[in-house]
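Student: Please take me through one part of this model in close detail. I would like the pocket, and then what surrounds it.

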Amino acid sequence: MGSPSTATRMSGARPRRRSVPEPATRYDRRLAEILAHATDVFCKKGYEGASMRDLSRESGMSLAGLYYYFESKERLLYLIQKHTFTTIVQRLKTRLQGITDPEERVRLFILNHLEYFLANQAAMKVLSHEADALKNGFASEVAAIKREYYRICVGLLDELKRERRAEFSTRIGVLSLFGMMNWIYTWHNPRVDADAESMAREMGDIFLRGVMAVGKVSEQ
């Protein structure tokens, strides 16, 4: 798993620009910069096309120094993915506290997702394109966080179904919702498209009207 000190620093930090934590010390600030540069390199060249030398050149850190803190580019990708998914999940849990209306909770899920995606588009492109690049322990740890996020969405839709007595497939609903949200970075243009809040409201309308329509059909 590599240097435990690096992982420890990353896991408890708060979000900053892109998918890196808000730095508290000089070391943390440098770490944040390196991860931001790594995100840019992976975004431009792809994980397979990027080399440690590319990452060294982009970050301004010596190749030897880069290998000292990150024994491989896989560890850099792991840290980017782990922090991004952890941040999204933690923000969502905070926002859901005290909210009891099932529809509002689903809408908060959509808003939380879109806000983070639009504010961290390079990181989200890396995560979407390099979802299967991590192996072994790295992959297992990130997959566990992603499963938690998926289960939260399942729970939200199950709550909605019970409250509204709807009969749509939770699995299809969850995967359809992620399909709507995850590829926004491929087409969103801030010059012509609305901001995250407006888009979340409209996307929520489209999604909720769709799944509730399925429930109405099944009751006839």
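Tutor: Here is the pocket, followed by its surroundings and a few single residues.

Note that this is a predicted model. Start with the frame. The protein chain has 10 helices and 0 strands. Its pattern along the sequence is α-α-α-α-α-α-α-α-α-α. The chain runs to 220 residues, and 47% of them are buried. Among contacts with a separation of 6 or more, 69% join residues 24 or more positions apart.

Now the pocket. The largest pocket holds about 380 Å³ of space. Several helices give two or more residues to its lining: H5 (73-96), H6 (102-119), H7 (121-129), H8 (136-164) and H9 (170-182). The lining counts 15 residues. Nearest the centre lie Phe-85, His-113, Lys-146, Phe-178 and Asn-182. What is the lining like by class? It has 11 nonpolar, 3 polar and 1 charged residues.

Phe-178 deserves a second look. This residue is among those nearest the centre of the pocket. Phe-178 also forms one aromatic cluster with Phe-109 and Tyr-149.

Next, turn to the other aromatic residues. The structure holds 7 aromatic pairs. Take Phe-42 and Tyr-47: their ring centres are 5.5 Å apart and their planes meet at 55°, so the pair is tilted. Phe-42 and Tyr-47 are both buried. Tyr-47 has a further partner in Lys-73, which lies over the face of the ring, 4.6 Å from its centre. A second lysine is placed in a similar way over a phenylalanine: the charged end of Lys-161 sits over the ring of Phe-168, at 5.4 Å from the ring centre.

Helix H6 gives two or more residues to the pocket lining, and Asn-112 belongs to this helix. Is Asn-112 buried or exposed? Its relative accessibility is 2%, so Asn-112 counts as buried. Which residues does Asn-112 contact, leaving aside neighbours within four places in sequence? They are Ile-88, Arg-91, Leu-92 and Arg-95.

Ala-200 comes next. Ala-200 is placed in helix H10, residues 196-219. The relative accessible area of Ala-200 is 5%, under the 20% cut-off, so this residue is buried. Beyond residues up to four places away in sequence, Ala-200 touches Ile-110, Leu-111 and Leu-114. Arg-107 is also worth locating. It stands 93 residues from Ala-200 in sequence, yet the C-alpha to C-alpha separation is 7.2 Å.

Finish with a loop. Arg-165 is found between H8 and H9. Both of those helices give two or more residues to the lining of the largest pocket. Is Arg-165 buried or exposed? Arg-165 has 69% relative accessibility, over the 50% cut-off, so it counts as exposed. Its backbone also calls for a check. Most residues other than glycine have a negative phi. Arg-165 has a positive value, near 55°.

To recap, the pocket lining draws on H5, H6, H7, H8 and H9. Asn-112 in H6 is buried. Ala-200 in H10 is buried. Arg-165, in the loop between H8 and H9, is exposed.

Note on methods. Residues numbered from 1 in each chain as written. Predicted model: local features only at pLDDT ≥ 70, side-chain atom pairs only at ≥ 80, totals over all residues. Heavy atoms only, no water. Helix = DSSP H or I, 4+ residues; strand = E, 2+ residues; numbered from the N terminus. Buried < 20%, exposed > 50% of the residue type's maximum accessible area, 1.4 Å probe, protein only. Contact = heavy atoms within 4.5 Å. Phe/Tyr/Trp six-rings, centres within 6.5 Å; stacked < 30°, edge-to-face > 60°. Lys NZ or Arg CZ within 6 Å of the ring centre and 35° of its normal. 1 Å grid on protein atoms, 1.4 Å probe; cavity = no way out; pocket = protein on both sides within 12 Å on 5 of 7 lines; lining within 4 Å. Points joined across faces, edges and corners; volume = space filled by probe spheres on them. Nonpolar A, V, L, I, M, F, W, Y, C, P; charged D, E, K, R; others polar.
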